[in-house]
Every structure is written in structure tokens, then in C-alpha cells.
Amino acid sequence: MNKLVLAAGLVLGMSAPTFAADPVEGVWQTQVDDGAYAYVTIAPCGTKICGHISRTFNETGEYKSKNLGLKLVWDMAAAGGGKYKGGRIYQPSTGKTFKSKMALNGDILNVSGCVGPICKKQVWALVK
């Protein structure tokens, strides 16, 4: 009987895979751009990684920006070693979309938006 229970436990344990959260998932604070900054919530969207603006701040504190809920990062794919590539990023202050890549280093996320070989970079800090 004990062998049967042990075998059943092993089979059940193997049949229900658990997926660990991607280390980049969470809430990240952007750098100031055009006098404001945002909290971006990064989470899976299908097989890729996306980020939406979840809170916005300016010099007076938190405010209700028209950009709340806006998808800021999309189509980002994990490339291993804390690197992400193949994504797109939107810059609300200019209304432009750029090719994007990210590199995770602990509680710091280096984010780049590129046009050809020219990239604009920001360093985002993990909030939670």
C-alpha cells in the first residue's frame, strides 16, 4: 500500500508542472521623462513579456495621467542570462515606438529603445 501511495504521489507531482515567474515580472519605476515618471507592471502576455503603465508621478506626486493602463513594452522575449530582446517600447512623451531590449541585473532593469544603431537608454528600479 505504501508503495502504491508513493508511486501515485510521484505521478501526480510530475503531471502538474509548476512554472516559476520570470525574474523580470513585477513593478518597475522608470526614470523621469518630460517631467514625469511611471510605475510599469511587467508580466507575461502569451509567450512574451509586456509592460503596462500602472501608476504615474510628477513633481507634485502621484497623478492620473492619460497614459494609465497604456501598454509601454510588448513582444519582449527572454534570451537567457537576464537579457530580453525582440520587443517594442512606446515613449509617451514623443508618441514614438522603438525596437527594444532589456537587461536585468538584480533590482535594476536596463531598458533600451533603438532606431538603427542609435539607442536611448533608461535604468528602471524594481518597486516590488
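**Group meeting: one helix, nine strands and a pocket**

The chain has 1 helix and 9 strands. Both come from DSSP runs, helices being H or I over at least four residues and strands E over at least two, numbered from the N terminus. Reading from the N terminus, the order is α-β-β-β-β-β-β-β-β-β.

Some ground rules. This is a predicted model, where local features need pLDDT of at least 70, side-chain atom pairs count only at pLDDT 80 or more, and totals for chains, interfaces and linings use all residues. Residues are numbered from 1 along each chain as its sequence is written, and side-chain values use heavy atoms, with hydrogens and water left out.

Confidence next. pLDDT is the predictor's confidence in each residue, from 0 to 100. The chain average is 86, and 84% of the residues score at least 70. Residues 1-18 fall below 50, and that stretch makes 0 contacts in the model beyond near neighbours in sequence. A contact here means heavy atoms within 4.5 Å. Where pLDDT is low, predicted coordinates should not be read in detail.

Now the chain as a whole. There are 128 residues, and 29% of them are buried. Buried means under 20% relative accessible area, exposed means over 50%, and partly exposed is in between, with a 1.4 Å probe and protein chains only. Take the contacts with a separation of 6 or more: 30% of them join residues 24 or more positions apart.

On to the core. What is in the largest nonpolar core? It holds 18 residues. Val24, Trp28, Ile42, Tyr84, Met102, Leu109 and Trp124 touch the most other members. At least two core residues each come from β2, β3, β5 (71-80), β6, β7 (96-105) and β8. By nonpolar core I mean a set of buried Ala, Val, Leu, Ile, Met, Phe, Trp, Tyr and Cys residues joined through side-chain atoms within 4.5 Å. As background, nonpolar side chains tend to be buried together in soluble globular proteins.

Next, the largest pocket. Its space is about 540 Å³. The search runs on a 1 Å grid over the protein atoms alone: a cavity is a set of points where a 1.4 Å probe fits but cannot get out, while a pocket is an open set with protein on both sides within 12 Å along at least five of seven lines. Lining residues have an atom within 4 Å of a point. Points are joined across faces, edges and corners, and the volume is the space filled by probe spheres set on them.

The lining of this pocket has 27 residues. Asp33, Leu72, Gln91, Pro92 and Ser93 lie nearest the centre. Which strand gives the most to the lining? That is β9, with 4 residues. At least two lining residues each come from β2 (37-45), β3 (48-58), β6 (83-91), β8 (108-115) and β9 (118-126). By type, the lining splits into 12 nonpolar, 10 polar and 5 charged. Nonpolar covers Ala, Val, Leu, Ile, Met, Phe, Trp, Tyr, Cys and Pro; charged covers Asp, Glu, Lys and Arg; the others, Gly among them, are polar.

A few single residues. Start with Ser112, in strand β8. Why is Ser112 counted as buried? Because its relative accessibility is 7%. Leaving out residues up to four places away in sequence, Ser112 touches Ile89, Lys99, Ser100, Lys101, Cys119, Lys120 and Lys121.

Asn67 sits in the loop between β4 (61-63) and β5. At 18% relative accessibility, Asn67 is also buried. Past four places in sequence, Asn67 touches Ile53 and Pro92.

Arg55 is in strand β3. Its relative accessible area is 34%, so Arg55 is partly exposed. Beyond neighbours within four places, Arg55 contacts Tyr37, Ala38, Tyr39, Glu62 and Leu68. From Arg55 to Val27 is 9.7 Å, C-alpha to C-alpha, with their positions 28 residues apart in sequence.

Thr47 belongs to the loop between β2 and β3. Thr47 is exposed, at 79% relative accessibility. The C-alpha atoms of Thr47 and Ala77 are 7.8 Å apart, and the two residues are 30 apart along the chain.

Last, backbone angles. Most residues other than glycine have a negative phi. Asp34 has a positive phi of about 55°. Asp34 is in the loop between β1 (26-29) and β2, and is exposed at 66% relative accessibility. Asp75 also has a positive phi, of about 60°. Asp75 lies in strand β5, and is partly exposed with a relative accessible area of 38%.
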